[in-house]
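Colleague: Walk me through this model. I want the reasoning behind each label.

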Amino acid sequence: MDDFAAIDFETANSERSSVCSVGVVIVRNGVVTGSFHSLIQPEPNYYHYWCSRVHGLCREDTEDAPLFPDVWARIEPLIEGLPLVAHNRPFDESCLKAVFRVYRMDYPDYVFYDTLRAARRTFPQLVNHQLHTVAAACGYRLERHHDALQDAFACAWIARQIL
């Protein structure tokens with residue numbers, strides 16, 4: 001796959017609509033041509049202890065962050081015409097659909113590909129298929145796992161290797 005946008009969301013709580021951070025990496029002709037990251041004020045706007053423990057974000061980090069529609073208005077032109085790639089597509093795609101529903105935005109039926117599913121076929125011998133494990137198997141060192149932009153960069157690397 002030569003042209004795509006790798007995307008990763010982090011959530012504030014167990015609600016898929018509670019995206020609090022997004023990272024996007026644009027790949028064209030097999031080369032990273034751009035990236036985008038933003039914190040997002042989650043909806044609903046509360047943080048679950050376990051989510052904060054995973055990604056390190058809390059309410060204070062996002063209380064002045066833009067709402068999702070404003071963030072997506074900046075992302076949309078970057079990804080226009082591109083398929084989206086995520087590691088564990090069902091999670092990221094369901095987050096995107098949920099937050100579109102919350103804000104009553106028309107969802108444009110993005111095409112999604114899943115590096116997790118591809119990794120399970122490509123690397124059946126791995127001890128697990130978590131993003132950092134698969135990234136390492138592809139020769140990429142993910143230093144800040146659960147930072148949305150860093151995870152999107154790792155996903156883009158994996159996608160260029162195995163999709």
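Modeller: Start with the naming: helices and strands are DSSP runs, numbered from the N terminus. The model is a predicted one.

Colleague: Which of these elements each supply at least two residues of the lining of the largest pocket?

Modeller: β1 (4-11), α1 (49-55), α4 (89-102) and α7 do. The lining has 19 residues, and Asp8, Glu10, Phe91, His145 and His146 lie nearest the pocket's centre. The space inside is about 420 Å³.

Colleague: How do the residues of that lining divide into nonpolar, polar and charged?

Modeller: There are 8 nonpolar, 7 polar and 4 charged residues. Asp and Glu count as charged, Phe as nonpolar.

Colleague: Why are α5 and α7 called oblique to each other?

Modeller: The axes of α5 (residues 115-122) and α7 (residues 148-162) cross at roughly 45 degrees. Roughly parallel needs an angle under 35 degrees, and roughly perpendicular runs from 65 to 115. The angle fits neither range, therefore the pair is oblique. The axes come within 10 Å, and the crossing is left-handed.

Colleague: Which residues make the contact of α5 and α7?

Modeller: From α5, Thr115, Ala118, Ala119 and Thr122; from α7, Cys155, Ile158, Ala159 and Ile162. Ala, Cys and Ile count as nonpolar, and Thr falls among the polar. That gives 6 nonpolar, 2 polar and no charged.

Colleague: What is omega for the cis peptide bond of Glu43 and Pro44?

Modeller: Omega is about 5 degrees. Pro44 sits in the loop between β3 (31-39) and α1.

Colleague: What makes Asn29 worth a remark?

Modeller: Its phi is positive, about 55 degrees, although Asn29 is not a glycine. Asn29 is in the loop between β2 (19-28) and β3.

Technical notes:
Residues are numbered from 1 along each chain as its sequence is written. This is a predicted model: local features need pLDDT of at least 70, side-chain atom pairs count only at pLDDT 80 or more; totals for chains, interfaces and linings use all residues. Side-chain values use heavy atoms; hydrogens and water are left out. Axes are lines fitted to C-alpha atoms, for helices over the stretch in contact, and angles run from 0 to 180 degrees between N-to-C directions. Helices (H or I, at least four residues) and strands (E, at least two) are DSSP runs, numbered from the N terminus. Angles under 35 degrees count as roughly parallel, over 145 as roughly antiparallel, 65 to 115 as roughly perpendicular and the rest as oblique. A crossing is left-handed if the near helix is turned anticlockwise from the far one by less than a right angle, and right-handed if clockwise. Contact means heavy atoms within 4.5 Å. On a 1 Å grid over the protein atoms alone, a cavity is a set of points where a 1.4 Å probe fits but cannot get out, and a pocket is an open set with protein on both sides within 12 Å along at least five of seven lines; lining residues have an atom within 4 Å of a point. Grid points are joined across faces, edges and corners, and a volume is the space filled by probe spheres set on the points.
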